[in-house]
Amino acid sequence: MGGFGAPATTATVFNFGNSLGGAGAFGGFGTTTTSAGAGFTFSFTNPSSTGGGLFGNTQNKGFGFSSGLGTGPGAGAGFSSGLGGTSLGFGGFNLQPTQPQQGGLFGQQSQAPAQPNQLINTASALSAPTLLNDERDAILAKWNQLQAFWGTGKGYFNNSIPPVDFTQENPFCRFKAVGYSCIPRSKDEDGLVALALSKKEADVRNQQQQLVESLHKVLGSNATLTVNVEGVKALPDDQTEVIIYAVERSPSGMSKRVPASTLFNYMEQANVKVQLQQLAVVMAVPRTALSPAQLKQLLQNPAAGVDPIIWEQAKVDNPDPEKLIPVPMVGFKELLRRLKIQEQMTKQHQTRVDIISNDIRELQKNQGTTVAKIAQYKRKLMDLSHRVLQVLIRQEIQRKSGYAIQMDEEHLRVQLDTIQSELNAPTQFKGRLNELMSQIRMQNHYGTVRSEERYIVDTDLLREIKQHLKQQQEGLSHLITVIKDDMEDIKVIEQGLHDSVHVRSGKLS
C-alpha cells in the first residue's frame, strides 16, 4: 500500500499459476490478516471498517480455488461457486453439510482479527517511539523502519503496549513484486482436480494404475464411478502434479463428469484427507476458471500490502490481459518458488523441443529418401517413355508401310535434317564442345610443363575457382548427355525412315 489506512482484510492470498508448488493454492502466501485505517495519510482515527474480506466489505470470501474454506458466517467464494453446506449425492458421494472449519486454505490457521489501534501502534513505532524518552528513541524509530522495510521483527515503541509484529504483508515491506500467471480456462463441469504428490514423476508414472485404483477406493469403490488421469507433470522439490477427473455412469448408459467442486469438497472431508495423505497426496486443488465478476473484482482490489499504484501499473503493463493476470510476489520464498517452477517449465519445454528436433531430423531423413526415390522413378519414367516412343515408331512404320511419303512426313524429315546440321555446325554445340575439349587438353599440357613452378593461391580464391570449374564440368556433362540422347533419338528416327523407304521401294519394284 502507499501508506497507512489500507482496508482490513482476512483472506487467503492467491496464485493463478498452473502448478501446485508452495503452501497455498494461489501462490503459497498463506493466510494473512492485516488491519489499517481508512485513509492514506498518518491518520490516527479509528478505522471505519475492519471486518471486510479481500474484495471489499464481504464477509469471509477468501479468493481461493475452493469453496467453504472461510472462517466466517458466509460460504467461501472460490472457484467452485460455494457448494459447501448443501447435501450433494451426485455420483454416489452423498456429501453431507460440513461445518465451516477455522483456518486458512488447506489447514493454515488464520490469525486473530487485528485490533483497531494497530495502525496507531505501527505509526508510533515507525515515527515516534516513546520507549526510552531520549535521543535513543530516534535510533529505535530508524531500526523499526528497517525492520518494517525488511518485513520481519518486532517494533518496540512503548513500555506499556506490546510491540508491533512486522510481516512481509505490511505496507512498508520492500521485498514485493508483481508477476503474471495464466488465467485458468477449465470449467467446473470439466471436473478437473489437481493433486500434488510428494513423489517423483517417474515413480508416479510407473504406479499410475495403482494410484487410480487407490483413488477409486477412496471415492467409495462405487461401480458407477471411474477415475481417469488427465495429465501428469513434474513439480519442484521432487513433487508431481496429477490431474484427475471422475466419470459417473447412470443405469441408462449415460455418462457425466463429476463437477470439480463436488469432487474437491468430497476430498476435503477429514476421513478422506487422511486416506489421501496415505497415498502421498499433500494438496488438492480444483481446476476451475474465474467468472467475469470474480476476475473484475480481483483486478479492482490489490492484495494485502501491495501498493495500489504498483497494482494499477501492473495491470497496464500486462502483456496479454486476455490470458494473463497480475500475481503479487511477497518475499524471497515466493520468488524462489516461482523461480523453481520456471526452471521446471523450462526443462519441460526443452524436452519437448528435443522431441520436436528428433522428429524433424527423422522427417528430413525420410524426405531425402523420398527425393532419391522420386529421382529414380523419373529416370525410370524417361526410359519407359523412350521405349514407348520406339514402339510407336515401329507401329507407325508398320501402319504406313505400302503408302507413299506424305507431306507432313517430308516436313518432319526436313526439320530433322535442319536440327542435325545445327548440331554439327562449327559455331554450335558440337563445335563449342570440341573447342572446350581442346582448351582442356592445352591446359593439361601446360600444367605438366609448369609442374615444377609453384604458386601460392589464396584459399578463398581457390575455393571459388574449384566451385566455378565444378559448375562448368557439370554443365558440360549435362550438355553432352543431352546431345548423346538426341543423337540416339535421331538415329532411331533415321533408321525408321530408312526401313520405311526400303520397304516402299521394294513394293514399288
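# Notebook: salt bridges, a covered strand and a core

I began with helix 9 (residues 331-400), where arginine 337 and glutamate 334 both lie, 3 residues apart, which is about one turn of the helix. The model I am reading is a predicted one, and I keep that in mind for each entry below.

**Entry 1, salt bridges in helix 9.** I looked up how arginine 337 and glutamate 334 meet, and found that they form a salt bridge in which the closest N and O atoms are 2.8 Å apart. Are these two residues buried or exposed? Arginine 337 is buried, and glutamate 334 is buried as well.

I then moved along helix 9 to glutamate 396 and arginine 399, whose side chains also meet in a salt bridge, at 2.5 Å from N to O. Here again the partners are 3 residues apart within helix 9, about one turn of the helix. I noted that glutamate 396 counts as partly exposed, because its relative accessibility is 35%, and the class runs from 20% to 50%.

**Entry 2, a salt bridge in helix 10.** Next I looked at glutamate 410, which forms a salt bridge with arginine 413, the closest N and O atoms being 2.3 Å apart. Why are glutamate 410 and arginine 413 separated by about one helical turn? They are 3 residues apart in helix 10 (residues 407-424), so about one helical turn lies between them. Glutamate 410 is partly exposed, since its relative accessible area is 28%, and arginine 413 is partly exposed too, with a relative accessible area of 38%. I also wrote down a network, in which salt bridges that share partners join Lys233, Glu241 and Arg287. For the structure as a whole, I recorded 13 salt bridges.

**Entry 3, cysteines.** I wanted to know how many disulfides a search of the whole structure finds. The search finds 0 disulfides. A disulfide is a covalent bond between the sulfur atoms of two cysteines. I looked up two cysteines for their surroundings: cysteine 173 counts as buried because its relative accessibility is 5%, whereas cysteine 182, with a relative accessible area of 38%, is partly exposed.

**Entry 4, strand 6.** I turned to strand 6 (residues 193-197), which is mostly covered, with 5 of its 5 residues buried. When I sorted these residues by the side they face, I found Val193, Leu195 and Leu197 on one side and Ala194 and Ala196 on the other, and all of them are buried, so that both faces of the strand are covered.

Which strands pair with strand 6? Strand 8 (residues 239-249) pairs with strand 6 in the antiparallel sense over 5 bridges, and within this pairing valine 193 has isoleucine 244 as its bridge partner in strand 8. Strand 10 (residues 281-286) is also antiparallel to strand 6, and these two pair over 5 bridges. In strand 10, methionine 283 is the residue that stands opposite alanine 196.

**Entry 5, the nonpolar core.** I looked for the largest nonpolar core and found that it has 26 residues, with Leu195, Leu215, Ile244 and Met267 making the most contacts inside it. The elements that give two or more residues to this core are strand 6, helix 4, strand 7, strand 8, helix 5 (260-267), helix 6 (270-278) and strand 10. Which element gives the largest share of this core? Helix 5 does, with 5 residues.

**Entry 6, positive phi values.** I checked two residues whose phi is positive although neither is a glycine. Serine 221 has a phi of about 55°, and I found this residue in the loop between helix 4 (208-218) and strand 7 (225-235). Serine 221 is partly exposed, as its relative accessible area is 43%. Aspartate 238 has a phi near 60°, and its place is the loop between strand 7 and strand 8. Aspartate 238 counts as exposed because its relative accessibility is 52%, and the cut-off for exposed is over 50%.

**Entry 7, a nonpolar surface patch.** Last, I looked at the surface, where Val457, Leu461, Leu462, Ile465 and Leu469 make a nonpolar patch of about 410 Å². I picked out leucine 461, which lies in helix 12 (residues 459-508). With a relative accessibility of 42%, leucine 461 counts as partly exposed.

Conventions. Residues are numbered from 1 along each chain as its sequence is written. This is a predicted model: local features need pLDDT of at least 70, side-chain atom pairs count only at pLDDT 80 or more; totals for chains, interfaces and linings use all residues. Side-chain values use heavy atoms; hydrogens and water are left out. Patches are made of residues with over 30% relative accessible area and no salt bridge: like charges are joined within 9 Å, nonpolar side chains (Val, Leu, Ile, Met, Phe, Trp, Tyr) within 5 Å. Accessible areas come from the Shrake-Rupley method with a 1.4 Å probe; for residues, only the protein chains shown count as cover. A salt bridge is a side-chain nitrogen of Lys or Arg within 4 Å of a carboxyl oxygen of Asp or Glu. Buried means under 20% relative accessible area, exposed over 50%, partly exposed in between (1.4 Å probe, protein chains only). A disulfide is a pair of cysteine sulfur atoms within 2.5 Å. Two strands pair if DSSP finds at least two bridges between them. A nonpolar core is a set of buried Ala, Val, Leu, Ile, Met, Phe, Trp, Tyr and Cys residues joined through side-chain atoms within 4.5 Å.
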